[in-house]
Amino acid sequence: MRTTETLVRPQSITRENVHDIKTVSTTGRIRIAIIEDEESVRNALVFQLTTAGFEVVAYSSAEELLESTDVKDFDCVVADIYLPRMNGLQLQEELNRTIPYASIVFITGHGDLSLGMHAMRQGAVDFLEKPVDEKALLSSITRGAQLSRERRAEQFQRIKVEELERSLTSREHEVFALITTGLLNKQVGAELGTTERTVKAHRASIMTKMGADSLADLVRMAGILQIHSPSKTLE
């Protein structure tokens, strides 16, 4: 039987710990989801992490988290790997499929190196054994939150750029791909069999539609879209 006494190895929350947590992002407090089927352990974790300055929501099962309307809003998930029904690894697989920017930190009372290595290979931030060192837990959560927020921002940016890209014509897609590889307007015209003047017109239209202020902006967007070579189909 697990007890709250074996959950964490007590350690004071230093000013440096709190500073690290606060500097993860300026968009508000870090939101943590705790998944633990044992109520006493779950309550202890909630108290510990709330005291550390996190916004915490607790769940008794992986299914309960996945059914929550808040599932996409958490900066980090802290989960016991040995959960009933859907276990921690199955939860991780589902999060990787549906919320690719989600970060997860596993805790377990049954050390299993091979299990931990598998979880880490699948993207887990950490695999901590009980009694969990408090400093290690806070550090793992902070790293997970930072990673999650970066991934979320990247995904939102990609969605925005993809929406803008859909406004381009087929020929503009061709010009976009070529000018972002470093070709001059004259070279693009020769590649597409059109005039430099026409390429300039397409380029101006692309800049407007993509909301770009410079060629550097377009190159960055091409990187986000993973555009490497022009399409063979011209308008």
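This report describes the fold, the nonpolar cores, two helices and several individual residues of a predicted model.

## Overall composition

The protein chain of this predicted model contains 10 helices and seven strands. Of its 235 residues, 42% are buried, and the chain exposes about 12,700 Å², of which carbon and sulfur atoms supply 51%. When contacts between residues at least 6 apart in sequence are considered, 68% of them join residues that are at least 24 apart.

## The β2-α2-β3 unit

Strand β2 (residues 31-35) and strand β3 (residues 55-59) run parallel and are joined by five bridges, with V57 of β3 serving as the bridge partner of A33. Together with helix α2 (residues 39-51), these two strands make a right-handed β-α-β unit.

Within this unit, I32 has its place in strand β2. I32 counts as buried because its relative accessibility is 0%, where the cut-off for burial is under 20%. Leaving out residues up to four places away in sequence, I32 touches L49, F54, E55, V56, V57, F74, C76, V78 and I141. The C-alpha atoms of I32 and A58 are 8.4 Å apart in space, although the two residues are separated by 26 residues in sequence.

## Nonpolar cores

The largest nonpolar core has 22 residues, and those with the most contacts inside it are L65, V77, L91, I104 and F106. At least two residues of this core come from each of β2, α3 (62-66), β4 (76-80), α4 (88-98), β5 (104-108) and α5 (113-121). A second core, separate from the largest one, has 20 residues and includes V56, V105, V132 and L137.

The surroundings of I104 can be listed in full: apart from its neighbours within four places in sequence, I104 is in contact with V77, A79, L91, Q92, L95, A124, V125 and D126.

## Helix α5

Which residues of α5 are buried? They are L115, G116 and A119, and, seen down the axis of α5, they fall within an arc of 95 degrees, so they line one face of the helix. This agrees with the general geometry of such an element: an α-helix has 3.6 residues a turn, so residues three or four places apart point the same way.

The buried residues of α5 pack against α4, β5 and β6 (126-129), whereas the face turned away from this buried side carries the exposed residues L113, S114 and R121. After α5 comes G123, whose phi is positive, near 110 degrees.

## Helix α8 and its neighbours

In helix α8 (residues 185-192), the buried residues are N185, V188, G189 and L192. These residues cover an arc of only 100 degrees around the axis, which puts them on the same side of α8. K186, A190 and E191 are exposed on the other side of α8, while the cover over the buried residues includes α7 (170-179) and α9 (196-210). G193 follows α8 and has a positive phi, near 75 degrees.

Helix α7 also holds E172, which counts as buried because its relative accessibility is 5%. Not counting residues up to four places away in sequence, E172 touches S167, H202, S205, I206 and K209. From C-alpha to C-alpha, E172 and A201 are 9.8 Å apart in space, with their positions 29 residues apart in sequence.

## Backbone features to check

A cis peptide bond, with omega of about 0 degrees, joins K130 and P131, and P131 lies in the loop between β6 and β7 (132-133).

Positive phi values also occur in residues other than glycine, including R85, where phi is near 60 degrees, and Q226, where phi is near 55 degrees. R85 has its place in the loop between β4 and α4 and is exposed, with a relative accessible area of 65%. Q226 lies in the segment after α10 (215-225) and, at 61% relative accessibility, counts as exposed.

Terms used
Residues are numbered from 1 along each chain as its sequence is written. This is a predicted model: local features need pLDDT of at least 70, side-chain atom pairs count only at pLDDT 80 or more; totals for chains, interfaces and linings use all residues. Side-chain values use heavy atoms; hydrogens and water are left out. Two strands pair if DSSP finds at least two bridges between them. Helices (H or I, at least four residues) and strands (E, at least two) are DSSP runs, numbered from the N terminus. A crossover is right-handed if, with the strands pointing away from the viewer, the path from the first strand over the helix to the second runs clockwise. Buried means under 20% relative accessible area, exposed over 50%, partly exposed in between (1.4 Å probe, protein chains only). Contact means heavy atoms within 4.5 Å. Accessible areas come from the Shrake-Rupley method with a 1.4 Å probe; for residues, only the protein chains shown count as cover. The arc is that of the directions from the helix axis to the C-beta atoms. A nonpolar core is a set of buried Ala, Val, Leu, Ile, Met, Phe, Trp, Tyr and Cys residues joined through side-chain atoms within 4.5 Å.
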